[in-house]
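Start with the ligand and work outward. The site comes first, then the space around it.

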Amino acid sequence: MKMKKQNHKDFNSQTSIHYANVSTSYNESFFTEDGSDYQRWQLDRVLHHLRLQPTDQAIDLGCGTGVFTSALYTKAGLTKNILAVEPSQSMLNLAQTLPGIAMHCSDAQSFVQDRTIRYNKILMNGVIHHIPPADLPELYSGIYRQLHQGGILLTVTRPEIVHYPFFQAALEQWLKQTRAHTVDILAKYMEETGFSVSYQTYYYPVQIAKNKWLEMIRNRFWSTFSYFNDEELEAGITKLTTKYAQTDVLKFEEALIFIEAVKN
Ligand SMILES: C[S@@+](CC[C@H](N)C(=O)[O-])C[C@H]1O[C@@H](n2cnc3c(N)ncnc32)[C@H](O)[C@@H]1O
């Protein structure tokens, strides 16, 4: 699939700096680790909701380091590479050697302006909170235009109230970042575009060594932590160390929301 080079005007600088900084540790996070039970759990649900067929042309919009993209390609037995679209060149560089990926450096807003490209499945996994609400109507109408009839846009996102072992300020930051992208808001924009929308929430019981979790926070594994400077982050980690002093293993529930939007 040939793509025109596109600009990155919509990839805001804080997000861009964050992903450039974390790219090298990104694949070590519990949520990204290749070959894990968690990855298998997520892959099964993505396969189910995208209803992937071997001959599908699939896009992974905001693919990050491409680890999930490549695993999806293999698991679905796709015959065409997945077009992995990502605005951060540092993240994309890590996808270079992975099987089943054609890389394209672009933000989502620029990508959906392309009037020549066509596909039938598109995934946005953990990305939608980075798209400013004002850009959502154009994003969805662009994807709608590009999708074949019967095509599916699958958004995987997380709720605004979460139960991760975060320090209080991080939970508040999470809420700030996600409250403009609730399922209701996203579904409304998708339906206004013409999509038929349904969604489902799934839960995964996470068990993780406390030290690994604290190291992930120190590495700013999610953009939530990019809003804290080093001292603030260490102060938060100290609070968590005190709070969980009696345990080596943290247990909590991960919730993922799968929003299926079909072009009828
Ligand atoms: C939490 S990561 C998820 C990456 C990948 N989908 C995964 O499941 O591992 C969010 C990704 O969205 C990308 N991103 C941020 N703003 C974006 C935008 N405007 N358009 C497309 N992708 C964007 C970031 O660069 C980052 O790689």
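This is a predicted model. Begin at the ligand, which has 19 residues around it. Tyr26, Gly62, Glu86, Ala108 and Asn125 come nearest.

Now look at the polar contacts. The side chain of Tyr26 places an N or O atom 3.0 Å from an oxygen atom of the ligand. Gly62 works through its backbone: an N or O atom there lies 2.8 Å from a ligand nitrogen atom. Asn125 also uses a polar backbone atom, 2.8 Å from a nitrogen atom of the ligand. How much of the ligand does the protein bury? Taken alone, the ligand exposes 590 Å², and the protein buries 94% of that.

Next, the make-up of the shell. By class, nine of its residues are nonpolar, eight are polar and two are charged. Two helices, α1 (13-26) and α5 (108-111), each supply at least two residues of this shell. α1 gives the most, with three residues.

Step back to the surrounding space. The ligand sits in the largest pocket. The volume of this pocket is about 850 Å³. Its lining counts 50 residues, and Tyr19, Tyr26, Asn125, Gly126 and Val127 lie nearest the pocket centre. Tyr26 and Asn125 are thus named twice, among the residues nearest the ligand and among those nearest the centre of the pocket.

The lining draws on many elements. Helices α1, α2 (37-50), α3 (67-76), α5 and α7 (168-178) each supply at least two residues. So do strands β1 (58-61), β4 (119-125) and β5 (147-157). By class, the lining divides into 21 nonpolar, 23 polar and six charged residues.

Technical notes
Residues numbered from 1 in each chain as written. Predicted model: local features only at pLDDT ≥ 70, side-chain atom pairs only at ≥ 80, totals over all residues. Heavy atoms only, no water. Near = heavy atom within 4 Å. Polar contact = N/O pair within 3.5 Å; in protein donor to acceptor, adjacent residues only side chain to side chain. Areas by Shrake-Rupley, 256 points an atom, 1.4 Å probe, with all protein chains shown as cover. 1 Å grid on protein atoms, 1.4 Å probe; cavity = no way out; pocket = protein on both sides within 12 Å on 5 of 7 lines; lining within 4 Å. Sits in = over half its atoms within 2 Å of the grid points. Helix = DSSP H or I, 4+ residues; strand = E, 2+ residues; numbered from the N terminus. Nonpolar A, V, L, I, M, F, W, Y, C, P; charged D, E, K, R; others polar. Points joined across faces, edges and corners; volume = space filled by probe spheres on them.
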